[in-house]
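Grab a viewer and work through these short exercises. Try each one yourself before you read the solution.

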Amino acid sequence: MLARETYEGRKMKEGKNPVFLRACRREQTEYTPVWLMRQAGRFLPEYRNLRRQYPFLTLCKTPELAAQITLLPLKTLRVDAAIIFADILLPLEPMGMTLEFTKGEGPVIHHPPRSRAEVQRLRPIEPESDLSFLLEAIRLVCRELAGEIPLIGFSGAPFTLACYIIEGGVTKDFIRTKSLMYQDPLTWHLLMERLTEVVISYLNAQVTAGVAAVQLFDTWAGALSPADYREFVLPYNKRVFQGLPTSVPTIHFAINSAGILEAMQEAGGDVIGIDWRLDLGTAWQRLKYAVGIQGNLDPAVLLGSQEHIQGRVTEILRAAGGKPGHIFNLGHGVLPHTPVDNVIAMVEAVHRLSKKE
Ligand code: CP3
């Protein structure tokens, strides 16, 4: 149904051991695989058209539409993996919170739980019934891709989810989150316990439904000092990674991670995702090449010229040095006004410049 012919060429070459999964396992690949965080949505005209007709949460909760959006970037961009169209905040509703995506402000959580009693009232989730729409979307996409192009599932990490929950939405300074952490550590740890269980069951359900890899978005973990990361976050992320099946590779991502890079590795993940503030070569060396590395083009580079994009792609590939285990990506999500042609040019440049003879 959905542009089968465009997958055909790659299907023949890759068989059922796609280049993205091999790179996650740090095996040699013919070229460096590439996908983009937030590739499903935001900048694609087809997505923006759908958004004129439906609210964001309706798109997430309608499996046929979520599957269609997931597949959009494969058609136009020739990326090496798909990521399921969903959101890290979807589990909050079945936990008992009221979630709304407002124009301009982003996500809003009404009456954010901050007291011990409110946190205690948060419920565990049962993904098969609470989030059946997501699992159905995963099954639809997997049927379409037939194992040829891997589908990535994802979750927010407990800390990043806690930030949205406690702040009631987007924040720049994390004041409420840190206040709770320092003023009422028992409530903090209780919230993190609850979220850890939610994340583990959310990701396991996605694996059972068919995703080939998972990414844990701990987007905001770099807002903490290394000591606080170790005390208030690391043990929970470790439990998440230990709670996942070893059959699928795992990617552990944060921005601003210079101070916590080794601690993130300690928490887990087959691949560590970094942003553009770090030199990829230096970061990988710090990780002792014991894990794969994902990244790390500044998404804003895609707003510039294609010559400049190609130059930056070349630098990142050089920093990776052709070692097995590099997955090319942006350092954070693709920006809403990014020209599609520039993304196509970037993906093409990664494939062409990394190709081994
Ligand atoms: O990568 C993909 O394309 C898959 C889908 C995906 C979405 N959100 C869809 C989405 C993924 C992987 C996410 C992750 C996510 N969501 C994160 C972690 C990654 C990151 O960017 O830091 C976070 C923090 C969220 C929470 C969230 N969802 C915010 C802050 C917002 C508003 C700002 C924004 O990104 O537009 C969202 C809304 C959201 N999630 C949209 C999409 C396509 C835009 C909704 C719209 O169309 O209006």
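**Exercise 1: the ligand shell**

Sort the shell around the ligand by residue class: it comes out as 14 nonpolar, 4 polar and 4 charged residues. Here Ala, Val, Leu, Ile, Met, Phe, Trp, Tyr, Cys and Pro count as nonpolar, Asp, Glu, Lys and Arg as charged, and the others, Gly among them, as polar. Before going on, note that this is a predicted model, where local features need pLDDT of at least 70, side-chain atom pairs count only at pLDDT 80 or more, and totals for chains, interfaces and linings use all residues. Residues are numbered from 1 along each chain as its sequence is written, and side-chain values use heavy atoms, with hydrogens and water left out.

Now find which residues come nearest to the ligand.

*Solution.* Step one: collect the residues around the ligand (a heavy atom within 4 Å of it); there are 22 of them. Step two: pick out the nearest, namely Arg42, Tyr47, Arg51, Asp87 and His332. Step three: map the shell onto helices (DSSP H or I runs, at least four residues) and strands (E runs, at least two), numbered from the N terminus. Helix 3 (45-53) and strand 3 (106-110) each give the shell at least two residues.

**Exercise 2: polar pairs**

List distances from ligand oxygen atoms to polar atoms of Arg38, Ala40 and Arg51.

*Solution.* Use N or O pairs within 3.5 Å. Start with Arg38, where a polar side-chain atom is 2.7 Å from a ligand oxygen. For Ala40, a polar backbone atom does the job, at 2.8 Å. Finish with Arg51: its polar side-chain atom lies 2.6 Å from an oxygen of the ligand.

**Exercise 3: backbone oddities**

Which residues does a cis peptide bond join, and where does Arg42 lie?

*Solution.* First, scan omega: the bond between Gly295 and Asn296 is cis, at about -5 degrees. Asn296 belongs to strand 8 (residues 292-297). Next, check phi: Arg42 has a positive value near 50 degrees, though the residue isn't glycine. Arg42 lies in the loop between helix 2 (19-24) and helix 3.

Key
A polar contact is a pair of N or O atoms within 3.5 Å; within protein, one must be able to donate a hydrogen and the other to accept it, and residues adjacent in sequence count only if both atoms are side-chain atoms.
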